[in-house]
Every structure is written in C-alpha cells, then in structure tokens.
Amino acid sequence: MDLTSLIGFLVTWILVLASMASGGNFGAYVDVPSIMITLGGAIGATIISNPGERLKAVTGSLRSVFINKEADLVGMVQMITSFAEKARREGLLALEGDIAEIDNDFMRKAIQLVVDGTDPELVRAILDTEIGVFEDRHSANKSVFDTLAEFGPSFGMIGTLIGLIAMLGNLQDVSALGPGMAVALITTMYGSMLANMFAIPVSKKLGARSAQEVKLMELMVEGILAIQAGENPRIVEEKLKVYLPPKMREAFNQEEQ
C-alpha cells in the first residue's frame, strides 16, 4: 500500500468536504443533474477520446497509484555488483544459472542477451527500445486521466451555461434567481473537483511511477553493459551509485563501511 497516495487522497477530500459541510447546509452542494452533466459528460468524452485497450488498463493504473512497490535501487545496485564479481571470477556464462532466480523481467532479458554473446551495441539498442516502448505504454495510460482532467472543467462550464440559460428564461420569478445561480455554479465546482482532486493527482502519480521505473531500467542497462565489458566490480558499483539519490547513496556507503 502506498501511504502517500492514500493519505493525500483522504486529506484532500476530507478537508474539502468538511469545509463544505461547515456552512451548515451540505445539501446545497448536491445537485444530481449537475453531477450527470459534469461527471457523465467528462467520462463519456474521455471514452470517445481513447481506444478500448487503453481504457481497459485504467483499473490497473489506479491500482498502481495506491498499491505499488517502490523501485529498489539499492538492491539492484547490490545485485548487479554481485553479478559483476561472479562474471569477473567465472566468466559471463556463469550468470546463466542466476537468470531463473531474477524476478525482474527486464533484468532477466538483459542478462540473457549478455550470456548469449550478443554484441554490446545491439544489447543497448534492444534494451533502449524496450525502455521506449515501456514509456509509451505508461504515457498512454496516463493520458486517459489527462483527458479526464481536461474535460472535467469544460463540462462543468457547459453545465453552468445550461443553468444560466434556464435561470434567465425564468426572470419573472425574482425569488428563484439566487438559488438558480447557485445551482448553475455547482457544475463548475464539480468539474474543478473532478480535475484537481482526482484526475490530475492520479496522472501526476502515474508519471512519477513511470519515471522511477525508467530510472531503474537505465541503471540495469548501464550495469549489464559494464559487466559485459569486463569492468572491475568496484568500478561497476561506482557507476551505478550515480543513480542513487544523495541520502540513499550516503546510507549505501555507510552500510558498506
């Protein structure tokens, strides 16, 4: 469970809803037709804008926002360094026995390419292509929520215009102008809430997740190519520690000492 996502989500919604309820009339913020216009319109437009395969991945994307394992950069540096030591002692073919024990598919593929004697330039080309496809796939999943964030405020404004037109068509009833204006503005509020309290935060988190995974994959590429080149394990470790954040690198050095 990703506590940062859960806490952020709860804090945002609880504080906003509590501030709305503090006025003493929470029901004034609830209008079913406005919800239908804003939520239904935004979701419908998002469905039109994206192919079916991308929409099927929405559930998995949402799950990764709240339930996701952080990339273990330190663990990967240690693993690659141990592989470098083994390859230095016994040769690259000795790594073949470790392939089945590797959980990461990308790492397993990279080791297999090296063990098979693939040219280093071709190894980099294949792995870079794999990273590019990975980024495109994640960007496509993220774009669903970007689209929803775009359409939410737009349909909120459409609902507001519909409400204003209905209100102006009934100007003879002065007592109804205030409530009518309030209902007209509710759709704008719903659109802003949909975008800023759901769609945009989810999109940002998916982008951050993707960046973490890409960083881990780039670390693997550099490590595997260094092993293939026969570099000293100590040099391999120093090259890979560049990918660690300063605090994590400091903790890594202290653990080694």
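Which residues in H4 meet which residues in H7? In this predicted model, the H4 side of the contact brings in Val58, Ser61 and Leu62, and these meet Asn141, Val144 and Phe145 in H7. Sorted by class, the contact of H4 with H7 comes out at 4 nonpolar and 2 polar residues, with no charged ones. As for geometry, H4 spans residues 58–66 and H7 spans residues 120–168, and the two helices pack at an angle of about 90° with their axes 10 Å apart. Angles of 65 to 115 degrees count as roughly perpendicular, so H4 sits roughly perpendicular to H7.

Now to the aromatic rings, of which the structure holds 5 pairs. One pair joins phenylalanine 26 and tyrosine 29: the ring centres are 6.5 Å apart and the planes lie at 50°, so this pair counts as tilted. Both partners get some exposure: phenylalanine 26 is partly exposed at a relative accessible area of 35%, and tyrosine 29 is likewise partly exposed, at 31%.

Phenylalanine 145, already met in the H4 contact, also pairs with phenylalanine 198. Here the arrangement is edge-to-face, with 6.2 Å from centre to centre and 70° between the planes. This pair ties together distant parts of the chain, since phenylalanine 145 belongs to helix H7 and phenylalanine 198 to helix H8 (residues 177–228), 53 residues apart. Buried means under 20% relative accessible area, so phenylalanine 145, at 3%, is buried, whereas phenylalanine 198, at 23%, counts as partly exposed.

Elsewhere, ring pairs link Phe9, Trp13 and Phe66 into a cluster.

Notes:
Residues are numbered from 1 along each chain as its sequence is written. This is a predicted model: local features need pLDDT of at least 70, side-chain atom pairs count only at pLDDT 80 or more; totals for chains, interfaces and linings use all residues. Side-chain values use heavy atoms; hydrogens and water are left out. Axes are lines fitted to C-alpha atoms, for helices over the stretch in contact, and angles run from 0 to 180 degrees between N-to-C directions. Helices (H or I, at least four residues) and strands (E, at least two) are DSSP runs, numbered from the N terminus. Angles under 35 degrees count as roughly parallel, over 145 as roughly antiparallel, 65 to 115 as roughly perpendicular and the rest as oblique. Contact means heavy atoms within 4.5 Å. Ala, Val, Leu, Ile, Met, Phe, Trp, Tyr, Cys and Pro count as nonpolar, Asp, Glu, Lys and Arg as charged, and the others, Gly among them, as polar. Rings of Phe, Tyr and Trp (its six-membered ring) pair if their centres lie within 6.5 Å; planes under 30 degrees apart count as stacked, over 60 as edge-to-face and the rest as tilted. Buried means under 20% relative accessible area, exposed over 50%, partly exposed in between (1.4 Å probe, protein chains only).
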